[in-house]
Amino acid sequence: MKKIGFLSFGHWSRHPAYKTRTASDTLLQSIDLAVAAEEIGLDGAYFRVHHFAAQLASPFPLLSAIGARTSSIEIGTGVIDMRYENPLYMVEDAGAADLISGGRLQLGISRGSPEQVIDGWRHFGYEPADGESDADMGRRKALEFLDKLNGIGFAEPNPYPMFPNPPGLLRLEPHSEGLRERIWWGAASNATAVWAAENGMHLQSSTLKYDESGKPFHVQQAEQIRLYKEAWKNAGHQREPRVSVSRSIFALVNDQDRYYFGQEASGSDKIGFIESDKRAIFGRSYAAEPDQLIKELANDEAIQEADTLLLTIPNTLGVDYNVHVLSSILEHVAPGLGWR
């Protein structure tokens, strides 16, 4: 049994083949897709966050809107770049969105990925401290975010407030109980996966990671997950960790599927550089007839190690087609793998 969700990058463009021509199209279709995904029995609706791009950026209005329109599906991000965030303001936004959804947020955060612009976080008013890299800054902000989510008072009250204060130091409001335990860290390396475990965050591992051994992607990712689980156990946390992996998986059940994704049936891992000095390995896409897809996915070691699978979707093809893509996995593939 696995939780299965979708992960949308939220693209839009004036491209004639796109169903998402504007930001409004993408936002409204994202809400509709989450509603439809809940109706077909999917477990999660997750969204990427990118700045300075024709993609989804500020996640909390979208997550709140989905929370108000749905009742059971998990709602999350994969991931929020903490270099751009004010951790305290983010605590307030996240708390409000989580309360609107009835406690269904699953927030993926990270130190960030390659950007559309040079040092984009500087435009948001943030600078690393002396001796600190931008990655260090992102991790520092993540720890502050986690700390303030605990709901412990830290701010000295004004002796002459506009409204009466409760006794003691004040915390940020609204506070959502339990949200601290539903924060995930997007890790591209084994070391940051271990760091996430030590700090009590769930693990999100995407379709790429740093190439640390030269082994196939799914093998390296499985090793990363096992290191994470071991570190979680060693840290002595009293709750169970969760791990998600992302995959592009398409069941070819009609001619439209074969037209869109048939050429990916013989895909393989790829090697590239997401930073000038960081060699990365990108996992293959899966596209095949359902019976063949089941055989291939059964050999993916990282999927076997994870409890949650996020299916990356072609959001530009519209809500109806993406419901078909997701339904095909639930109906024709998941049962054969024991996921349902």
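In this predicted model, Ser30 touches Phe47, Leu56, Leu62 and Ile66, leaving aside residues up to four places away in sequence. Ser30 lies in helix H1. Its relative accessibility is 6%, so Ser30 counts as buried.

Helix H1 covers residues 23-40, 18 residues in total. From first to last C-alpha it reaches 26 Å, close to the 26 Å expected at 1.5 Å a residue. Ser30 is one of the buried residues of H1. The others are Thr26, Gln29, Ile31, Leu33, Ala34, Val35, Ala36, Ala37 and Glu38. Residues three or four places apart on an α-helix point the same way, because there are 3.6 residues a turn. The cover over the buried residues of H1 includes two strands, E1 (3-8) and E2 (44-47). It also includes two helices, H2 (59-69) and H11 (319-333). Just after H1 comes Gly41, with a positive phi of about 100 degrees.

Strand E1, part of the cover over H1, holds Ile4. Ile4 has 0% relative accessibility and therefore counts as buried. Its contacts, not counting residues up to four places away in sequence, include Leu42, Asp43 and Gly44. Further along the chain, Ile4 also touches Leu309, Leu311, Leu330, Ala334, Trp339 and Arg340. By C-alpha position, Ile4 is separated by 21 Å from Glu223, 219 residues apart along the chain.

Strand E2, another element covering H1, pairs with strand E3 in the parallel sense over 4 bridges. Tyr46 stands opposite Gly76 of E3 in this pairing. E3 spans residues 74-77. From E3, Glu74 and Gly76 point one way, while Ile75 and Thr77 point the other way. All of these residues are buried. In a regular strand, side chains alternate between the two faces of the sheet.

E3 also pairs with E5. The two strands run parallel and are joined by 2 bridges. Ile75 stands opposite Leu105 in E5. Strand E4 (residues 80-81) is likewise joined to E5 by 2 bridges, again running parallel. There, Ile80 stands opposite Ile109. E5 itself covers residues 105-110, and 6 of its 6 residues are buried. Leu105, Leu107 and Ile109 point one way from E5. Gln106, Gly108 and Ser110 point the other way.

Helix H11, which helps cover H1, also packs against helix H9 (residues 290-298). The H9 and H11 axes are 10 Å apart and meet at an angle of about 80 degrees. That angle makes H9 roughly perpendicular to H11. H9 contributes Pro290, Leu293, Ile294 and Leu297 to the contact. H11 contributes Ile329, His332 and Val333. By class, the contact has 6 nonpolar residues, 1 polar residue and no charged residues.

A separate topic is the open sheet of 3 strands, with the order E8-E12-E11 and antiparallel pairing. Its edge strands are E8 (208-210) and E11 (270-275), each pairing on one side only. Neighbouring strands of this sheet are turned by 40 degrees against each other on average, direction ignored. E8 is joined to E12 (residues 278-282) by 3 bridges, and the pair runs antiparallel. Lys209 stands opposite Ile281 in E12. Helix H7 (residues 217-235) packs on the sheet and touches E8 and E12. The direction of H7 makes about 70 degrees with that of E8.

H7 has 19 residues, which should span 27 Å at 1.5 Å a residue; the end C-alpha atoms are 27 Å apart, so the two values agree. The buried residues of H7 include Phe217, His218, Val219, Gln220, Gln221 and Ala222. Gln224, Ile225, Tyr228, Ala231 and Trp232 are also buried. Besides E8 and E12, the cover over these residues includes helix H6 (190-198), strand E7 (202-205), strand E9 (243-247) and helix H10 (301-305). H7 is followed by Gly236, whose phi is positive, near 80 degrees.

Notes: Residues numbered from 1 in each chain as written. Heavy atoms only, no water. Expected span 1.5 Å × (residues − 1). Buried < 20%, exposed > 50% of the residue type's maximum accessible area, 1.4 Å probe, protein only. Contact = heavy atoms within 4.5 Å. Axes fitted to C-alpha atoms, helices over the stretch in contact; angles between N-to-C directions. Parallel < 35°, antiparallel > 145°, perpendicular 65-115°, else oblique. Nonpolar A, V, L, I, M, F, W, Y, C, P; charged D, E, K, R; others polar. Pairing = 2+ DSSP bridges.
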